[in-house]
Structures are given as structure tokens and as C-alpha cells.
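Trainee: Got a minute to go through this one with me? I'd like to start with the aromatics.

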Amino acid sequence: VGSQKTMLLRRQYHAAMYFAFVAVLVGVSFCVKCELERQARFVHYLRIGKCGSSTMLGWFRASSKNHFRASTIPDKEKLLDEELQRQHRRAIYDAVFPKHTGRSSFWKKSSSAQRKTPKDLASLPLFHQHAYYVDYSEDIPHQERPSYFTVMRNPVERYLSQYYYWRTLGGKFGDQVRGVRGKSLEECAGSSLSEEIFSCPLPNYITAYLCGSDPVCTSPPSHESFLLAKANLRDMAVTGIIENLTLTTTAISHFYPAFRHLKPLAQNTVQNRNFKRKSQEKTVDRQTRRMIEKLNKYDMELYDLARLRLHRFEEHCLR
């Protein structure tokens, strides 16, 4: 028993040292908050592609349908100009609050009673979509904006998943992908981009998602894009990782009462709908993985930041 306790203490010590090192590496200095500063009108789940969103949505669907809002808006994995951003924000609010559909700016025109945050937090709406970060600060008052959270994945594994996913596409994309195989994985890992559709995944894809459509956001992301993405990430209520699904879903339940009746997910519940693709991902050699890691350096830093925040949450809010 004594030796087991000693081993546990050592693991906790090494974990603390690791995350302290990560904090210095990514230049993070923030105070941990165990409660939301305000009650949001709705929750926005930033669904980053190939980051376990099918598993997360399965978990959310087990909760009340009164607050779950499936996206009726086409995915927007691209940079939007100012007018398209405004239209996108309006479309999101119309999807979350359908009774207001047709109003040009319902959050400004509706009565205070209509704009009131739900008293029953169990009915708090949740919106999800594969789309870049939406900046609600442009034309929506602070008290009207949603609360954000996202779930990330080890960038190397995410990159591999997308690469092999594109090579198993069927009728979903039709003629766009028939016969297209593009560059080899080694060629993709050694270059920044490929103009051929469904060839090489976008480097620093997570950074692009978290940056959004601000003028500093570029494709592929620049250092300025990374800095804004890091700022947006730090403003989110929860930044989970699928490598620790149990703690991620615990954090979501902690901050959002609508999900407190749901049992946290076990780590082995991540959905893998293509076992052949998964076996291919496991055979990738170390050198290629290191090349992919270097290619996605901004994503790696954001992922480390997400891990650090989750560790700090566990350390300060669950003990």
C-alpha cells in the first residue's frame, strides 16, 4: 500500500512539473475560474473537424431535446468577409431561437422579456456547427452573447485522421473525390499546402478554426492568426481534449447545468467509424509524425494550452 501511494505521489508531482513547463512554454498566465461570469443566452460548441464531435454529439443528444439545437446552417470552414459574417451571426440566432426567424436583428428589436436568459438553465440552448470561430462582439451586446466551448485533439492524430478520411470518402462528395488520391502522406508532411482538392489537410487547421474570420486570420494561419486563436481559446468556458474525454465532459457538466444529469464519458467511448482507416494511421512511422508535428506547430501550442487549462480546472475546481 505504501509503495502504491508513493508511486501515485510521484505521478502527481511529474504531472505538475510537466504542466508548469507547458505554462512557461506557451506563455500562459491566467487565473482559473470555477464558475461562469454570466449566464449566457445559449451555448456555442465550436466543432473542430476530426476532433471527436460525433462522440460529443451522441453524449449531448442523451440530454433534453428542449435545449439541443442541431445546426440548420451549411458548414463554413472558410474565411468570411464582413457582410457574410453578419449574415452568419443572424442565421445562428435564427437557428437557436426559431420563433424570431425573419427579423433582421432580433436581439436588438425584441423586447427585454424575449431577450431574457432562460430561468430554467436546464433548457439552455446548445448550438453546434463545423465553422470557424464567430466573433459575436461586432454587433451583439455582451449580455446577449453565447458561452463558447470546444474540444480539441492531438494535432498529429487529427491531421492523420483527416488525411485518411479523405481517401475513404464515398458518395457524400460525389465527383469531387472519385479517383482523387493526391499527394502521399510523406509529401503532405513535407510541404505546406496542396492546391488539389482533398489532397493534403490544411496545416494548423485548429488554429484556423479558433482564429475565425478576423482580418489577421489567413489560410494557412500566420503567427498573427495564432495569437488571436490563443486569445479566443483563453476566453472559452471549456477547452476540452478527446484524449481525456472523462475530464472534458466533467468540465462541461460543471459549467453548464443543462448537462449535469449526464454521466461523464469514459475514455474508450470515442467513436471510430472506419477501422481500416484507423489501422493505417497506426502504421505511420515516427519521422513522418515528427514532420507533421513541425508542420502544425501552432496547433501543437494551442493543444498544450487546452491540456493545461483542463489540468488547472481539475486541480482547482474538483478538489
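Mentor: Sure. Phe 42, Tyr 93, Phe 97, Tyr 133, Tyr 136 and Tyr 148 form one aromatic cluster. Keep in mind that this is a predicted model.

Trainee: How many aromatic pairs does the structure hold?

Mentor: There are 19 aromatic pairs. One of them joins Phe 42 and Tyr 136.

Trainee: What's the geometry of Phe 42 and Tyr 136?

Mentor: Edge-to-face. The centres are 6.3 Å apart, with 85 degrees between the planes.

Trainee: And where do Phe 42 and Tyr 136 lie?

Mentor: Both sit in loops. Phe 42 is in the loop between α1 (2-25) and β1, and Tyr 136 is in the loop between β3 (126-129) and β4. The two are 94 residues apart in sequence, so the pair ties together distant parts of the sequence.

Trainee: Are Phe 42 and Tyr 136 buried or exposed?

Mentor: Phe 42 is buried, and Tyr 136 is too.

Trainee: Okay, on to β4. Why is β4 largely enclosed?

Mentor: Strand β4 covers residues 147-152, and 6 of its 6 residues are buried, so the rest of the structure largely encloses it. Buried here means under 20% relative accessible area.

Trainee: Which residues are on each side of β4?

Mentor: Ser 147, Phe 149 and Val 151 are on one side. Tyr 148, Thr 150 and Met 152 are on the other. Both faces are covered.

Trainee: Which strands does β4 pair with?

Mentor: β1 (residues 43-46) pairs with β4 in the parallel sense, over 4 bridges. β5 (residues 238-241) also runs parallel to β4, joined by 4 bridges.

Trainee: What are the bridge partners of Tyr 45 and Gly 240?

Mentor: Tyr 45 has Phe 149 in β4 as its bridge partner. Gly 240 in β5 stands opposite Val 151.

Trainee: Switching to helices. Which residues of α8 are buried?

Mentor: Ser 225, Phe 226, Ala 229, Lys 230, Asn 232 and Leu 233. Down the helix axis they fall within an arc of 165 degrees, so they line one face of α8.

Trainee: What do those buried residues of α8 pack against?

Mentor: Four elements: β4, α7 (205-211), β5 and α12 (297-317).

Trainee: How far does α8 reach?

Mentor: Its 12 residues, 223-234, span 17 Å from first C-alpha to last. That is close to the 16 Å expected at 1.5 Å a residue.

Trainee: Last one. Which rings do Lys 50 and Arg 158 sit over?

Mentor: Lys 50 lies over the face of Tyr 165, 4.0 Å from the ring centre. The charged end of Arg 158 sits over the ring of Tyr 205, at 3.9 Å from its centre.

Note on methods
Residues are numbered from 1 along each chain as its sequence is written. This is a predicted model: local features need pLDDT of at least 70, side-chain atom pairs count only at pLDDT 80 or more; totals for chains, interfaces and linings use all residues. Side-chain values use heavy atoms; hydrogens and water are left out. Buried means under 20% relative accessible area, exposed over 50%, partly exposed in between (1.4 Å probe, protein chains only). Two strands pair if DSSP finds at least two bridges between them. Rings of Phe, Tyr and Trp (its six-membered ring) pair if their centres lie within 6.5 Å; planes under 30 degrees apart count as stacked, over 60 as edge-to-face and the rest as tilted. A charge sits over a ring if NZ of Lys or CZ of Arg is within 6 Å of the ring centre and within 35 degrees of the ring normal. The expected span of a helix is 1.5 Å times one less than its number of residues. The arc is that of the directions from the helix axis to the C-beta atoms. Contact means heavy atoms within 4.5 Å.
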